[in-house]
Structure formats: C-alpha cells, structure tokens
Amino acid sequence: MELDFSFLSKYMSYFIDGAKWTLLISLITVCVGVILGSILCFMKRSNFHIWKIKPLKLIATVYIELIRGTPLLLQIMMVYVGSEMIFGVSLEAVTSAVIAISLNSSAYVSEIIRAGIDAVDKGQMEAARSLGMSQVKAMRLIIMPQAIRNILPAIGNEFVAIIKESSMASVIGVAELMYAAKVVRGSSFRGFEPLMVAAAFYFVMTFSLGRLMNYFERRLKAGDTR
C-alpha cells in the first residue's frame, strides 16, 4: 500500500483546529481537576466526625473509588445523556466532555495530592506544632510547599494523560483532534493516513509537555540543592 498525504493541503486546518480544542479541553479539565482534587483530598484527610462516622471522608472515598472504578467513556456518555434526563438541563457536547473529564481527573489528582502530602516527613508537622502553629497554618506554610514539589511531576503526567484521554470526547461529537481525523477520513477517502497525522499531533503535544515538565522538575531539584 502506498501512503498518500496529498489531502493535507486541503484538510490541515481541521487537524490544527482539533489540536486547539484538545489542548483547551485538557487545560480546563486539569485546572478544574486540581481544584476539585484538592477539595477531595482534604475531605478524605478530614477528622470531622459525627459519632464514629466521618462523613466527609466517607463521601470522598466513595466518590474516588466510584470514578476510578468506571471507564471515562462511560462517564462522558452518562454526563451527556443523563444531564437532561436527571436534571432537566441540556448540555452541549463540549460542556459535557469538560465536566466528565474534570470529574474523572479530580479523583486521580486527589490521590496524587494525598501521596505528595504523605511523602513529607511527619516530623515536619510535629516540629511546626511544637512551635505553636495551628494545624492549618502548619499545613499551609510548612507541609504544602514541600508537597507541591512532589506533586508537580505527577500533575504533569496527568495533563499528558488527559490530552490522550480527551480523544474519547469524539464519541459525542466534540470537534477535538480525533474527531477531526474521523471527518478527514470520511472526506478524503483515506483510511489510515489521517490517523497517522492525528498520532503525530498527539505525539508532538505530549512530548513537548513532557519535556516542559522535566525542565520544571530539574529547576525544582536545583532549588533544593542550594
């Protein structure tokens, strides 16, 4: 079989627009995922209890396990179809995809943040408390600055994962990169080449982001040695 990429002169704009949507969706979902993930993490670490039950920890644990135990594609479809059936709100495909991927990401980010906090020596908190700091102040000034250094590389990996997973939004008609490849395949009558182009775009985005995160990680390590 001879590969033919002559269609690119006509359809390259489709891939570029699709890549823009992929990056935009990924950036929004990572930001929302970090916010929701932080809330879930601190809910899971909360000592608030009613009698012997810790409701915040219970809610966060059930949510995280439920999200991590079901496929992202199913979650996207449930948000897209279920929003109108359950809440009477008809969401656009892009909005549904952003909500679903953000909810999915938050469950994983919460565990990333929890692991980052747990990686900080417990003696740091004890030392801060012995100096008269409250637990909240010690967490904000002592623990979190150290935890962030542990968290950032994993958050970067989550961003890379979301760029790839956002391709699932194409099933509900979101005009991201994978959807653009499907459109070009149908219009150009080329079955394989558009997929190769989409793969090249995904590789460039994830490889570039990976190198950028490696740069920031090296900068953080350099700061630790000073």
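## Exposure of F87 and the nonpolar patch

A residue is called exposed when its relative accessible area is over 50%, buried when that area is under 20%, and partly exposed in between. F87 has a relative accessibility of 65%, so this residue counts as exposed. The model discussed here is a predicted one. F87 lies in helix α3, which covers residues 72-87.

F87 also belongs to a nonpolar patch on the surface, with an area of about 960 Å². The other contributors to the patch are L73, M77, Y80, V81, M85, I86, V89, M168 and V171.

## Overall fold

The protein chain contains eight helices and zero strands. Read along the sequence, the pattern is therefore written α-α-α-α-α-α-α-α. The chain has 226 residues, and buried residues account for 37% of them. Along the principal axes, its C-alpha atoms fill a box of roughly 70 × 50 × 25 Å.

## Packing of α1 against α6

A pair of packed helices is described by two quantities, the angle between the axes and the distance between them. For helix α1 (residues 8-45) and helix α6 (residues 135-165), the angle is about 140° and the axes are 11 Å apart. Because of that angle, α1 is classed as oblique to α6. An angle has to be over 145 degrees to count as roughly antiparallel. The crossing of α1 and α6 is right-handed.

Helix α6 also holds Q146. The relative accessible area of Q146 is 30%, so this residue is partly exposed. Q146 and S208 are separated by 62 residues in sequence, and their C-alpha atoms are 26 Å apart in space.

## Salt bridges

The whole structure has six salt bridges. One of them joins E111 and K44, with the closest N and O atoms 3.2 Å apart. This pair links distant parts of the chain, since E111 is in helix α4 (residues 93-118) and K44 is in helix α1, 67 residues apart. Both E111 and K44 are buried.

Another salt bridge forms between the side chains of R45 and D118, at 2.9 Å from N to O. Here too, distant parts of the chain are linked: R45 sits in helix α1 and D118 in helix α4, with their positions 73 residues apart. R45 has a relative accessible area of 33%, which means that R45 is partly exposed. D118 is likewise partly exposed, because its relative accessible area is 35%.

## A shared partner and a network

Which residue in addition to R45 forms a salt bridge with D118? The partner is R114, and the closest N and O atoms of R114 and D118 are 3.1 Å apart. R114 and D118 are four residues apart in helix α4, so about one helical turn separates them. With a relative accessibility of 28%, R114 counts as partly exposed. Through shared partners, salt bridges connect K44, R45, R68, E111, R114 and D118 into one network.

## Positive phi angles in two loops

Most residues other than glycine have a negative phi. W51 is not a glycine, yet has a positive phi of about 55°. W51 is placed in the loop between α1 and α2, the latter helix spanning 55-68. The relative accessibility of W51 is 76%, so W51 counts as exposed.

Where is F189 found? F189 is in the loop that runs between α7 (177-188) and α8 (193-225). Its phi is near 60°, again a positive value in a residue other than glycine. F189 has a relative accessible area of 72% and is therefore exposed.

Technical notes: Residues numbered from 1 in each chain as written. Predicted model: local features only at pLDDT ≥ 70, side-chain atom pairs only at ≥ 80, totals over all residues. Heavy atoms only, no water. Patch = residues over 30% accessible without salt bridge, like charges linked within 9 Å, V, L, I, M, F, W, Y side chains within 5 Å. Areas by Shrake-Rupley, 256 points an atom, 1.4 Å probe, with all protein chains shown as cover. Salt bridge = Lys/Arg side-chain N within 4 Å of Asp/Glu carboxyl O. Buried < 20%, exposed > 50% of the residue type's maximum accessible area, 1.4 Å probe, protein only. Axes fitted to C-alpha atoms, helices over the stretch in contact; angles between N-to-C directions. Parallel < 35°, antiparallel > 145°, perpendicular 65-115°, else oblique. Left-handed = near helix turned anticlockwise from the far one by under 90°.
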